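Biologist: Could you take me on a close look at the aromatic residues in this model, and at how the part around them is put together? I would like one connected account, please.

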Amino acid sequence: MDIEWTPKALKQLKKLGNKPAQARMLGATADLGRFPDVANVKTLTNHQYGYRLRVGNYRVFFNVLTAVSIVSIEEVKKRDERTY
């Protein structure tokens, strides 16, 4: 299955700045070519994107139609007792 990156997702990937994090992200997203046999993927309900891939402290949101379309990359901040 082909993997397509939106311009927004490519910009977010470049903003990571950390070369090991970028390499890890690219390696994990390359595995999406074997979708649905990929680890750390969760189907999302009531969300604008269909799936989420977990890569360390980052989440890659994507949709699947005829190809995997990577839409967004977001960082998960550390939670503590004041988060909620």
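Modeller: Happily! The chain carries 2 helices and 5 strands, and from the N terminus on its elements run β-α-α-β-β-β-β. Please keep in mind that this is a predicted model.

Let us begin with the frame that holds the aromatic residues. The 5 strands form an open sheet of mixed pairing, in the order β1-β5-β4-β3-β2. Its edge strands are β1 (3–5) and β2, each of which pairs on one side only. From one strand to the next the twist averages 30°. Helix α1 (residues 7–15) packs on this sheet, where it touches β1 and β5, and its direction makes about 40° with that of β5. Helix α2 packs on the sheet as well, touching β1, β3, β4 and β5; the direction of α2 makes about 135° with that of β3.

Now to the strand pairs, starting from the β2 edge. Strand β2 (residues 41–43) pairs with strand β3 (residues 51–55) in the antiparallel sense, over 3 bridges, and there V41 stands opposite L53 in β3. On to the next pair: β3 and strand β4 (residues 58–64) are antiparallel too, with 5 bridges. Here V55 stands opposite Y58 in β4. These two strands, β3 and β4, make a hairpin with 2 residues between them, and G56 in the turn has a positive phi of about 60°. Strand β4 is also joined to strand β5 (residues 68–75) by 7 bridges, and the two run antiparallel. In that pairing, F61 has S72 of β5 as its bridge partner.

With the frame in place, here is the part you asked about. The structure holds 4 aromatic pairs. One of them is F35 with Y51, an edge-to-face pair at 4.9 Å centre to centre, with 75° between the planes. This pair links distant parts of the chain, since F35 lies in the loop between α2 (19–30) and β2 while Y51 sits in strand β3, 16 residues apart. How exposed or buried are the two partners? F35 has a relative accessible area of 15%, so it counts as buried; the cut-off for that word is under 20%. Y51, at 22% relative accessibility, is therefore partly exposed.

F35 has another aromatic partner: F35 and F62 also form an edge-to-face pair, 5.8 Å centre to centre with 90° between the planes. Again distant parts of the chain are linked, F35 from the loop between α2 and β2 and F62 from strand β4, 27 residues apart. F62 is buried, because its relative accessible area is 0%. Put together, F35, Y51 and F62 form one aromatic cluster.

Finally, a step back to the whole chain. Buried residues make up 33% of its 84 residues. Of the contacts with a separation of 6 or more, 41% are between residues 24 or more positions apart. The C-alpha trace spans about 40 × 30 × 25 Å along its principal axes. A compact globule of 84 residues would have a radius of gyration near 12 Å, so the 13 Å of this chain agrees with that. The accessible surface comes to about 6000 Å², and carbon and sulfur atoms hold 49% of it.

Terms used: Residues are numbered from 1 along each chain as its sequence is written. This is a predicted model: local features need pLDDT of at least 70, side-chain atom pairs count only at pLDDT 80 or more; totals for chains, interfaces and linings use all residues. Side-chain values use heavy atoms; hydrogens and water are left out. Two strands pair if DSSP finds at least two bridges between them. Helices (H or I, at least four residues) and strands (E, at least two) are DSSP runs, numbered from the N terminus. Rings of Phe, Tyr and Trp (its six-membered ring) pair if their centres lie within 6.5 Å; planes under 30 degrees apart count as stacked, over 60 as edge-to-face and the rest as tilted. Buried means under 20% relative accessible area, exposed over 50%, partly exposed in between (1.4 Å probe, protein chains only). The radius of gyration is taken over C-alpha atoms; the globule rule is 2.2 Å times the number of residues to the power 0.38. Contact means heavy atoms within 4.5 Å. Accessible areas come from the Shrake-Rupley method with a 1.4 Å probe; for residues, only the protein chains shown count as cover. Axes are lines fitted to C-alpha atoms, for helices over the stretch in contact, and angles run from 0 to 180 degrees between N-to-C directions.
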